[in-house]
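Could you look over the model below before we discuss it? My notes on it follow, point by point.

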Amino acid sequence: MTEDMLNILSNFDDRLSKMNDFMQEPRGPTGSSVSTILQNMRERLNVAEEVIRRRTADASLIWAGPSQDARSYLKAVDDVQSLMGPLSGTWCEKSMLDRATQVLHIAVQRLQDEFNHMLVINSETVDKEWLSYCANKSYVPSSNGGAAGHTGHSSDSSDDEDDDDIPLAHPVTEFNAVFDPIPPDRVKDLNAIAQRMVRAGYGRGCSHVYVSVRKNVLEQSLYRLGMEKVSPDTVHKMPWEELETKIKKWIQTLKVAVKVVLSAEKKLCDNVFVGLSPQREESFLELASGSLMHFLDFGKNVAAVGRTPEKLFKILDMYEIIKELLGDINMVFCDDICESVRAEVRGVLSQLAEAARGILQEFELGIQRDASRIPAAGGTFHPLTRYVMNYMKFLVDYANTLEVLLRDKRREVPKSLGVETFGLSDTLVDIQGREGEKMSSLAIQMMWLIVYLERNLEAKSRQYMDQSMALLFLMNNVQYIVQKVNQSELSILLGDGWLRKHTGQVRAYIANYVKTAWRNVFACLRDEGLTSTGGLSGGVSRIAIKDRLKNFNFAFEEACAAQSSFIVPDPQLREALRIAIAGKLIPAYRTFIERYGNSLEGGRQADKYLKYSPDDLENHVIDLFDAT
C-alpha cells in the first residue's frame, strides 16, 4: 500500500502539467479545442469542395443525371453554407473562410446555371388548342400533360402522339382548366436550388433568372391566346366594326389569362419560392403585372373612345368581365406588394363604368335631338322608334350591371319637356311617384327614354298635313312601343300599370282616329236636314235623301282612297282599327238605310244612290291598311 501511494502521488506532477497545458490552449464555442474544431471543419470543407469542383469541371447537367448526383451536390453546398458561420468567428483562420467563400460562389454559379436550364427546358407556351380540348372534354389534368409539350427528360415520345389527337375546337368560354406549367418534380428541384441561392445571399440573382425565363413564356402564351398590344392612337382611329372584333377577342383572352394562365403562374411561383420572402412576392409581381397591364391599357383606351350609342354594349361587356374576374385577380395578385395592380384594375373598372354612363346620357340626348324631317310613309312607325326600342331590349340584358351603374340617379323634369301635350303629364307623375318608392334605377331610366321618345314622336306627327295620318302615326308608334315592352323583360321593369296606361293610350288613338278620319262620312248619316217641313211627321225630302246618299258615297270612296295608302304593320292593331271603323260605320249606315231607304224605292236610278250594302262597306273596310 505504501508503494502504491508513492506511485500515485509521484504521477500527480505529470497530470497537473498536462491539465495546465490543456487549460491554456484556446477553445472553440463548444468547448472543444480550436485545433480539433478547425481540423474537423477543414476535413468537411475538403470533402464539399472536392464534390463541387469535380461537378463544376464536368459540363454535363447535374439534374439531368442520377438523382443521387443532385443530392450529393446539394449536400456539399449545404456543408459549405453551414461552415460559413463558424468560419466567421475571430478564433478561425481567415484563409479557410476565404476558401469557403470562393467554393460557395462557384457552387452558386453552377446552381444558377442549373436553375436557368431547368426552367428553360421545362417551360413552353400554353397551347390554346389544348385549352379548347379541356373545355370540350371537361378534362382537368393533374399535371402539365399537353399544356406545354415539355421537352425535358420527364417527358416521353407519347406527347407527340397525344398532340395529334387534339381537335381544333371552338373558342374557350366557360371552364376551369387546371394545369402545371412545370412538372411538380421539377418544381421541387427548382425550390431546392432557390433555397440554397437565397441562403447564400444570391436571392436577387435567382429571382432575375426566374423572371427572365417565365415572363417570356407567359407573354408568348398570352399572345398565342390572343393578347395584343394596341396603342391608344390605333384604338381611337380604328373603325368600330374592327374594334368590336378586338373587344370580343380581348374578353375571351382576358378570361382565360386570369382564370387559367395567371392562376397557374401564381401557383408555380409560390411553389418555386415557397418559404422565401420577398423573392416570392417580388418575382411574381415583376413577371405577371406587365401582362395584366396590357389588358388593362386596352380597357382604358376603349373607355376613352367617342361615346356613341353602338359602343355601349361592348363597353358593358368589358365592365362585366372585369367585374366577374375581380375576385380571381385579387387572389392572383393577393400580396401587399401587388396593391398597385389591384388599384389599377379598380381604376379601369371605374373608367368603363363612367364611359357606359356617358354613352347612355348621349343616347338620351340623341333621342331628344333627333330632328329628321321626312315623315314615315303611310303613318307607319318611325325608324327612331324601332331603333330606341330595340336598343332598350338589349339594355335589359345588362339589367344587373346597369342597376349598379345608375344607382341613386334621380331626374328632374326638363323645362323644355312639354308635359301638357301628348299625355305625358300622367307618365311623369308616375315616374316621380315611383322614384319615391325606391323604384329600380334602371326602370326609371327606361321610363325616361320612352318619355323622350314619345315627346319626339309627338313633334314628328306635326309634319303630316292630314290630321288622321298624324293620329295613325302616333297610334302605330305607341303600339310598337307597347309590343316591344310586352315581348321582353321590359314588361317586368316597367310594370303592369305602365302597360295598362299605354294600351289605353292606343285605344284612345283608335277612337280619335275613327272620329277624325271618318268625320265627313258620319256627317252624311245624320238626321238633320232631311225633313221637308220639320221632322219626320212633316214628311221626308226625297231630294235631300238623294243628296245625302250621293254625298255619303263620295265621302266613303274618298275616305277609302285616302286611307288606301295608310299602313298599320301590326296585325292586331290593324284588326282592332278595322273593327272600330266598321263597328261605328256599318250600324249607322244600316240605321240610315232602314229609316230613309224606302223613300227611294220605286224611284228612277235608286241603285245610283243606294250604291253600297252594309256588307259592301264591311268588305271595303277590311281591305284598308294593307299597304306596304
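The numbered points below go from overall confidence and composition to particular residues.

1. This is a predicted model, and its confidence should be read first. The mean pLDDT of the protein is 82, with 78% of the residues at 70 or more. Among the elements, helix H12 (residues 312-332) has the highest confidence, at a mean of 96, whereas helix H6 (residues 158-164) has the lowest, at 39. The pLDDT is below 50 over residues 138-175, a stretch that nevertheless has 60 contacts in the model beyond near neighbours in sequence.

2. A second stretch deserves the same caution. Over residues 413-425 the pLDDT stays under 50, and the model gives this segment 29 contacts beyond four places in sequence.

3. As to overall composition, the protein has 24 helices and 0 strands. Of its 628 residues, 48% count as buried, and the exposed area comes to about 31,300 Å², of which carbon and sulfur atoms supply 51%. Among contacts with a separation of 6 or more, 80% are between residues 24 or more positions apart.

4. How do helices H13 and H17 lie relative to each other? The axes of H13 (residues 339-369) and H17 (residues 441-461) come within 8 Å and cross at roughly 20 degrees; because angles under 35 degrees count as roughly parallel, the two helices are described as roughly parallel to each other. On the H13 side the contact is made by Leu-360, Phe-363, Glu-364, Ile-367 and Gln-368, which meet Gln-445, Leu-449, Tyr-452, Leu-453 and Asn-456 of H17. The residues of this contact divide into 6 nonpolar, 3 polar and 1 charged.

5. Ser-441 also belongs to helix H17, and with a relative accessible area of 14% this serine is buried. The C-alpha atoms of Ser-441 and Leu-405 are 8.9 Å apart in space, although 36 residues separate the two in sequence.

6. Is Arg-574, in helix H22 (residues 571-596), buried or exposed? Its relative accessibility is 18%, and since buried means under 20%, Arg-574 counts as buried. Leaving out residues up to four places away in sequence, Arg-574 touches Val-568, Pro-569, Leu-624, Phe-625 and Asp-626.

7. Arg-548, which lies in helix H21 (residues 542-563), is likewise an arginine to check, being buried with a relative accessible area of 14%. Beyond its neighbours within four places in sequence, Arg-548 is in contact with Ala-523, Cys-524, Leu-525, Arg-526, Asp-527, Glu-528, Gly-529 and Leu-530, and also with Phe-592.

8. Arg-42, found in helix H2 (residues 34-57), counts as partly exposed at 23% relative accessibility. Not counting residues up to four places away in sequence, Arg-42 touches Glu-93, Met-96 and Arg-99. Arg-42 and Leu-83 are 41 residues apart in sequence, with a C-alpha to C-alpha distance of 9.5 Å.

9. One peptide bond should be inspected by eye. Most peptide bonds are trans, but the bond from Ser-277 to Pro-278 is cis, with omega near 15 degrees. Pro-278 is placed in the loop between helix H10 (240-272) and helix H11 (279-303).

Notes. Residues numbered from 1 in each chain as written. Predicted model: local features only at pLDDT ≥ 70, side-chain atom pairs only at ≥ 80, totals over all residues. Heavy atoms only, no water. Axes fitted to C-alpha atoms, helices over the stretch in contact; angles between N-to-C directions. Helix = DSSP H or I, 4+ residues; strand = E, 2+ residues; numbered from the N terminus. Parallel < 35°, antiparallel > 145°, perpendicular 65-115°, else oblique. Contact = heavy atoms within 4.5 Å. Nonpolar A, V, L, I, M, F, W, Y, C, P; charged D, E, K, R; others polar. pLDDT = per-residue confidence, 0-100. Buried < 20%, exposed > 50% of the residue type's maximum accessible area, 1.4 Å probe, protein only. Areas by Shrake-Rupley, 256 points an atom, 1.4 Å probe, with all protein chains shown as cover.
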